[in-house]
Amino acid sequence: MESAIAVIRKISGRITETTLPPTFPLLIPITGPEAYAFHAKTLAESEDLYQPFTRDRIIQFAADIKPPPYANALRQTNLLRREIRKVFLTMVLLITSTMPNPAESSADAKTFDPVGLQNSSPFNIFGLPTISVPCGITKSGLPIGLQISGAPWAESTVLSLARAYERATEWHKKRPKLGSM
C-alpha cells in the first residue's frame, strides 16, 4: 500500500490524510439481509448456481438479523451518509486498501468473516463510486487491492485515477497461479 500511495502521490502531486467516521460493524445488520434478499429467489429456485461456501455465507450472514437492529442500522446509515459526504468538501478522492487483511485462498477461507468487508462495503452502502485496482501481490501469490473512492457522481474522477495508476504500474497484468490455491 505504501508503494501504491507513492505512485499516486507522483500522479496527483498531493496526498492528505483524513479520518472517516466509523462505520463497521454498524453496516452488518444491513448488508446481510440485503444480500440475502437480492439472492433469495435464485437460492430458492437454483441453489446449485452457487458454490456451497458462497451460498452458506449469504444465508449465514442474514440469519440472525432481526428487524429492530436492521431499522436502527438504516437510521444510523442515513446519518453517516451525511457525515461521509462532508469529507468530500476537502478531498477529491479517498484511497484505502480494498481489504483490511491480505486475501486468503478459498481453501483457507473456512468461515465468513464480515470484517473482510469493512473497507469496501461502506462505500457501496453510502452510494459512493469506488473501484479496486491491483497494487501488489502477497507472499502467497494473491492480489492486493487499492481502493479509490469519490464523491457522489464523481465516477469519471475515480476512473481517471484508476486508469492513471494502471498506466504507471504493471500490477493489473499480474495473475495469481490458480492451480496452487
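**Core, pocket and helix packing in a predicted model**

Of the 181 residues in the protein chain, 31% come out as buried. The model is a predicted one, and its secondary structure amounts to 6 helices and 3 strands. Read from the N terminus, the elements follow the order α-α-α-α-β-α-β-β-α. Taken along the principal axes, the C-alpha atoms fit a box of roughly 50 × 45 × 25 Å. Among contacts in the chain with a separation of 6 or more, 70% join residues 24 or more positions apart.

Next comes the interior. In soluble globular proteins, nonpolar side chains tend to be buried together. Here the largest nonpolar core contains 15 residues, and the ones with the most contacts inside it are Ile-30, Phe-88, Leu-94, Ile-125, Phe-126 and Leu-128. Helix H4 (67-87) and helix H5 (121-125) each put in at least two residues, with H4 giving the largest share of this core at 4 residues. A further core of 11 residues lies apart from this one, and its members include Ile-8, Cys-135, Leu-161 and Tyr-165.

Leu-94 deserves a closer look. Once neighbours within four places in sequence are set aside, Leu-94 touches Thr-18, Leu-20, Val-87, Phe-88, Phe-123, Gln-147, Ile-148 and Ser-149. One of these partners, Phe-88, is also among the residues with the most contacts inside the largest core, and another, Val-87, is a buried residue of H4.

H4 itself runs to 21 residues and spans 30 Å from first C-alpha to last, close to the 30 Å expected at 1.5 Å a residue. Its buried residues are Ala-73, Thr-77, Leu-80, Ile-84 and Val-87. An α-helix has 3.6 residues a turn, so residues three or four places apart point the same way. As for what lies over the buried residues of H4, the cover includes helix H2 (28-46), E1 and H5.

Strand E1 turns up again at the largest pocket, which has a volume of about 620 Å³. Rolling a probe the size of a water molecule over the atoms shows where empty space is left. In this case 20 residues line the pocket, and Ile-15, Thr-16, Leu-93, Leu-94 and Ile-95 lie nearest its centre. Leu-94 thus has a place both in this lining and in the largest core. Two or more lining residues come from each of helix H1 (2-12) and strand E1 (93-97); E1 gives the most, with 5 residues. Sorted by class, the lining holds 11 nonpolar, 7 polar and 2 charged residues.

Two other residues are worth a mention. Trp-153 is not a glycine, yet its phi is positive, at about 70 degrees. This tryptophan sits in the loop that joins strand E3 (143-150) to helix H6 (155-168). With a relative accessible area of 78%, Trp-153 counts as exposed. Gln-60, by contrast, belongs to helix H3 (residues 52-63). Its relative accessible area is 46%, so Gln-60 is classed as partly exposed. Gln-60 and Pro-33 are 27 residues apart along the chain, and 9.9 Å separates their C-alpha atoms.

Definitions and conventions. Residues numbered from 1 in each chain as written. Predicted model: local features only at pLDDT ≥ 70, side-chain atom pairs only at ≥ 80, totals over all residues. Heavy atoms only, no water. Core = buried A, V, L, I, M, F, W, Y, C linked by side-chain atoms within 4.5 Å. Buried < 20%, exposed > 50% of the residue type's maximum accessible area, 1.4 Å probe, protein only. Contact = heavy atoms within 4.5 Å. 1 Å grid on protein atoms, 1.4 Å probe; cavity = no way out; pocket = protein on both sides within 12 Å on 5 of 7 lines; lining within 4 Å. Points joined across faces, edges and corners; volume = space filled by probe spheres on them. Nonpolar A, V, L, I, M, F, W, Y, C, P; charged D, E, K, R; others polar. Expected span 1.5 Å × (residues − 1).
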